[in-house]
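Colleague: For this model, I should be grateful for a close examination of one pocket. Please set it in the context of the chain as a whole.

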Amino acid sequence: MLGFVQVSGVPVGHHSIPDRLPPPPPGAAYLNDITDGEITGSRTIVFDVPFVKDGVEVEGDATGADKRLLINGHEFDDPDAVQVDVQVGAVEEWTVINNADQSHPFHIHVNPFQVVEIKQWAGYRDNDPAQPLIETPSWAPPAGTWLDTITLPPRGYIKFRSRFPGTVIYEGNEYNFSGSYVLHCHILNHEDGGMMIQVNVKPGD
């Protein structure tokens with residue numbers, strides 16, 4: 001499907017782009033800072049891009065090897081893929097690891113997250129295992145920033161916190177945060193190739 005967008009009217013002029021978003025409006029309590037005492041659980045999500053030949057992982061330049069786009073060891077349509085199940089009301093801290101040599105724009109639908117830290121292996125370009133993880137890449141947003149998309153650095157990880165509130169009342173309107181949605185790499189051919197996983201926010205027992 002192809003659509004066309006037509007822009008008309010008087011130009012509004014140029015506006016400067018702020019260096020960060022304004023604070024959340026009153027009533028958006030689910031975007032308040034997440035404290036240590038709120039955390040009810042943690043989990044690890046792993047992005048990887050191995051090359052596989054005859055069911056065995058091989059070096060990327062091996063003849064006839066297939067490039068796989070995996071989260072937690074599976075492609076999205078793999079019947080053995082384990083989905084992410086979260087209980088309504090949970091407040092979790094996630095570590096998302098990137099085992100690949102390229103970055104991935106990590107994106108999650110519905111639930112925003114608050115950045116805790118980002119680290120990257122300093123030696124990933126020259127494959128030098130003596131190089132340490134660096135605390136903060138130069139492009140990293142400040143800790144405490146709320147986002148729904150962030151760069152997952154090569155050979156590094158991001159750590160963030162998120163609330164899964166179920167129902168939120170904001171400005172008199174009720175919004176339902178429970179149900180199923182996805183997180184994925186936002187490179188189009190990566191998500192289309194299977195680098196996606198389903199998140200299920202379920203009512204409590």
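Modeller: A contact here means heavy atoms within 4.5 Å. The model is predicted, so local features require pLDDT of at least 70 and side-chain atom pairs pLDDT 80 or more, whereas totals for chains, interfaces and linings use all residues. Residues are numbered from 1 along each chain as its sequence is written, and side-chain values use heavy atoms, leaving out hydrogens and water.

The setting comes first. Among contacts in the chain between residues at least 6 apart in sequence, 71% connect residues at least 24 apart. The secondary structure consists of 1 helix and 17 strands (DSSP runs of H or I, at least four residues, and of E, at least two, numbered from the N terminus). Of the 205 residues in the chain, 35% are buried (under 20% relative accessible area; exposed is over 50%, partly exposed in between; 1.4 Å probe, protein chains only).

The part you ask about is the second largest pocket, which holds about 300 Å³ of space. Its lining has 13 residues, and those closest to the centre are Val 49, Pro 50, Phe 51, Asp 101 and Arg 155. A pocket is an open set of points on a 1 Å grid where a 1.4 Å probe fits, with protein on both sides within 12 Å along at least five of seven lines; lining residues have an atom within 4 Å of a point. Its volume is the space filled by probe spheres set on the points. By character, the lining comprises 5 nonpolar, 3 polar and 5 charged residues (Asp, Glu, Lys and Arg are charged; Ala, Val, Leu, Ile, Met, Phe, Trp, Tyr, Cys and Pro nonpolar; the others polar).

Arg 155 merits separate attention. This residue lies in the loop between strand E12 (149-152) and strand E13 (156-163). Its phi is near 50°, a positive value in a residue other than glycine. Most residues other than glycine have a negative phi. Arg 155 counts as partly exposed because its relative accessibility is 33%.

Asn 72 offers a parallel elsewhere in the chain. Although Asn 72 is not a glycine, its phi is positive, at about 55°. The residue belongs to the loop between strand E5 (70-71) and strand E6 (84-87), and its relative accessibility of 32% is why it counts as partly exposed. His 74 is also placed in the loop between E5 and E6; with a relative accessibility of 22%, His 74 is therefore partly exposed. Beyond its neighbours within four places in sequence, His 74 is in contact with Leu 69, Asp 80, Ala 81, Val 82 and Gly 194. The C-alpha atoms of His 74 and Ile 197 are 8.7 Å apart, although 123 residues separate the pair in sequence.

Ile 197 leads on to the nonpolar interior, for it is among the residues that Leu 183 touches. Others in that group include Phe 47, Ile 71, Trp 94, Phe 106 and Met 196, with residues up to four places away in sequence not counted. Leu 183, together with Phe 47, Trp 94, Val 96, Phe 106 and Ile 158, has the most contacts inside the largest nonpolar core, a set of 29 residues. Such a core is a set of buried Ala, Val, Leu, Ile, Met, Phe, Trp, Tyr and Cys residues joined through side-chain atoms within 4.5 Å.

Two further positions complete the survey. Tyr 30 stands in the segment before strand E1 (41-48), and its relative accessible area of 24% is why it is partly exposed. Tyr 30 and Pro 112 are 82 residues apart along the chain, with their C-alpha atoms separated by 9.3 Å. Ala 122 occupies the loop between strand E9 (113-121) and strand E10 (133-134); its relative accessibility is 36%, so Ala 122 too counts as partly exposed. Apart from neighbours within four places in sequence, Ala 122 is in contact with Gln 131, Pro 132, Leu 133 and Ile 134. From Ala 122 to Pro 137, 15 residues apart in sequence, the C-alpha to C-alpha distance is 9.3 Å.
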